[in-house]
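Good morning, and thank you for coming. I shall take you through one model and comment on several of its local features. Please look at the structure first.

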Amino acid sequence: MFSSYVPRWLQVLLTEKFFNACIIHEDSRKNEKNIYCLDCCISICPRCLAPHSSHRLLQVRRYVYHDVIRLDDATKLMDCAFVQSYITNSAKVVFINQRPQTRQFRGSGNFCTICDRSLQDPYLFCSLSCKIDYLSRTEDGLSKFLFECNYLPLPDSGLDDGLVTPDSILEPSCSAKTSSGSGGYDEVWCRALACTAATSEIVRKKRTSLTACRPTCPPVSEVSGNLMNRRKKAPQRAPLY
């Protein structure tokens, strides 16, 4: 799916299977591999942290069997403009990979440029994977959309189990900004703004052509009106011979 110039840490992040039990600590509690080491390109469990303490680390969370990461962490690594974010447990998160759909999206509205999942306006991608997949096919590739990040620690509040239960409802974020607005991210925010216009321009032409090709359904009122008119006509009988 992705070309050879996608960094290895990113390729592995998009294909890694998280929340499997750690083989080294299989007899321990909380041994799910929900931490990703960007320097070693592997997933680890909390008990494996010691040798990776100075490495760049991401905590992966899961909502209904799908992996998400905090938007604040993602924006330190790449431009996340126009990737739909969600709010859960007072933090913004983004899906790592696209989610399979039970039925194909139909009708008008905003949709993911890659997988056609329904989105809120003005988002263009449902996940990091979809945006990376699209940008890797463009002439400029990912070079302008990946950031250099030499320091990525785990949250100061400590690790949680990474599981977001269905009781914690994911609500779509109302903003397409790439940062939650908290302090300390001015540099990342400025770099992301520089990429936002390029992202919009890259996608605009394809979105226009896709919209033009989609079949449009007549309004419900028009359909129901035609049915009513058809019913009001006098019944036609077969001629008598």
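**Val6 and its surroundings**

Val6 is buried, with a relative accessible area of 3%. Please keep in mind throughout that this is a predicted model. Val6 sits in the segment that precedes helix H1, which spans 8–15. Leaving aside residues up to four places away in sequence, Val6 touches Gln11, Ser136 and Leu142. There is also a long-range relation to note: Val6 and Asp133 are 127 residues apart along the chain, and their C-alpha atoms are separated by 9.9 Å.

From Val6 we move on to H1 itself. Which residues of H1 are buried? They are Trp9, Leu10, Val12, Leu13 and Leu14. In general, an α-helix has 3.6 residues a turn, so residues three or four places apart point the same way. The cover over the buried residues of H1 includes strand E1 (35–37) and strand E3 (57–59), together with helix H2 (71–77) and helix H3 (128–135).

H1 also takes part in a pocket. The second largest pocket has a volume of about 200 Å³. Its lining comprises 15 residues, and those closest to the centre are Glu16, Tyr65, His66, Asp67 and Asn97. Two elements, H1 and strand E5 (66–70), give two or more residues to this lining. The largest share, three residues, comes from H1. As to chemical class, the lining of the second largest pocket has seven nonpolar residues, four polar ones and four charged ones.

Let me stay with one of those central residues, Asp67. Asp67 belongs to strand E5. Is Asp67 buried or exposed? Asp67 is buried, its relative accessible area being 14%. The Asp67 side chain makes a polar contact with the side chain of Arg62, at 3.0 Å. Beyond residues up to four places away in sequence, Asp67 touches Phe18, Phe19, Val60, Arg61, Arg62, Val94, Phe95 and Ile96.

I turn next to the cysteines. How many disulfides does the structure hold? The number is zero. Cys112 is in no disulfide, and the nearest cysteine sulfur, that of Cys115, lies 3.7 Å away. Cys112 is buried, with a relative accessible area of 0%. What of Cys115? The closest cysteine sulfur to that of Cys115 is in Cys126, at 3.5 Å, which is too far for a bond, because a disulfide requires the two sulfur atoms to be within 2.5 Å. Cys115 also counts as buried, at 14% relative accessibility.

Finally, some remarks on the backbone. The peptide bond from Asp121 to Pro122 is cis, with omega near 10 degrees. Pro122 is located in the loop between strand E7 (91–95) and H3. Where do Asn89 and Ser90 lie? Asn89 is in the loop between strand E6 (86–88) and E7, and Ser90 is likewise in the loop between E6 and E7. Asn89 has a positive phi of about 50 degrees although it is not a glycine. Ser90, another residue other than glycine, has a positive phi near 65 degrees. Asn89 counts as exposed at 57% relative accessibility, and Ser90 is exposed with a relative accessible area of 78%.

Methods
Residues are numbered from 1 along each chain as its sequence is written. This is a predicted model: local features need pLDDT of at least 70, side-chain atom pairs count only at pLDDT 80 or more; totals for chains, interfaces and linings use all residues. Side-chain values use heavy atoms; hydrogens and water are left out. Buried means under 20% relative accessible area, exposed over 50%, partly exposed in between (1.4 Å probe, protein chains only). Helices (H or I, at least four residues) and strands (E, at least two) are DSSP runs, numbered from the N terminus. Contact means heavy atoms within 4.5 Å. On a 1 Å grid over the protein atoms alone, a cavity is a set of points where a 1.4 Å probe fits but cannot get out, and a pocket is an open set with protein on both sides within 12 Å along at least five of seven lines; lining residues have an atom within 4 Å of a point. Grid points are joined across faces, edges and corners, and a volume is the space filled by probe spheres set on the points. Ala, Val, Leu, Ile, Met, Phe, Trp, Tyr, Cys and Pro count as nonpolar, Asp, Glu, Lys and Arg as charged, and the others, Gly among them, as polar. A polar contact is a pair of N or O atoms within 3.5 Å; within protein, one must be able to donate a hydrogen and the other to accept it, and residues adjacent in sequence count only if both atoms are side-chain atoms.
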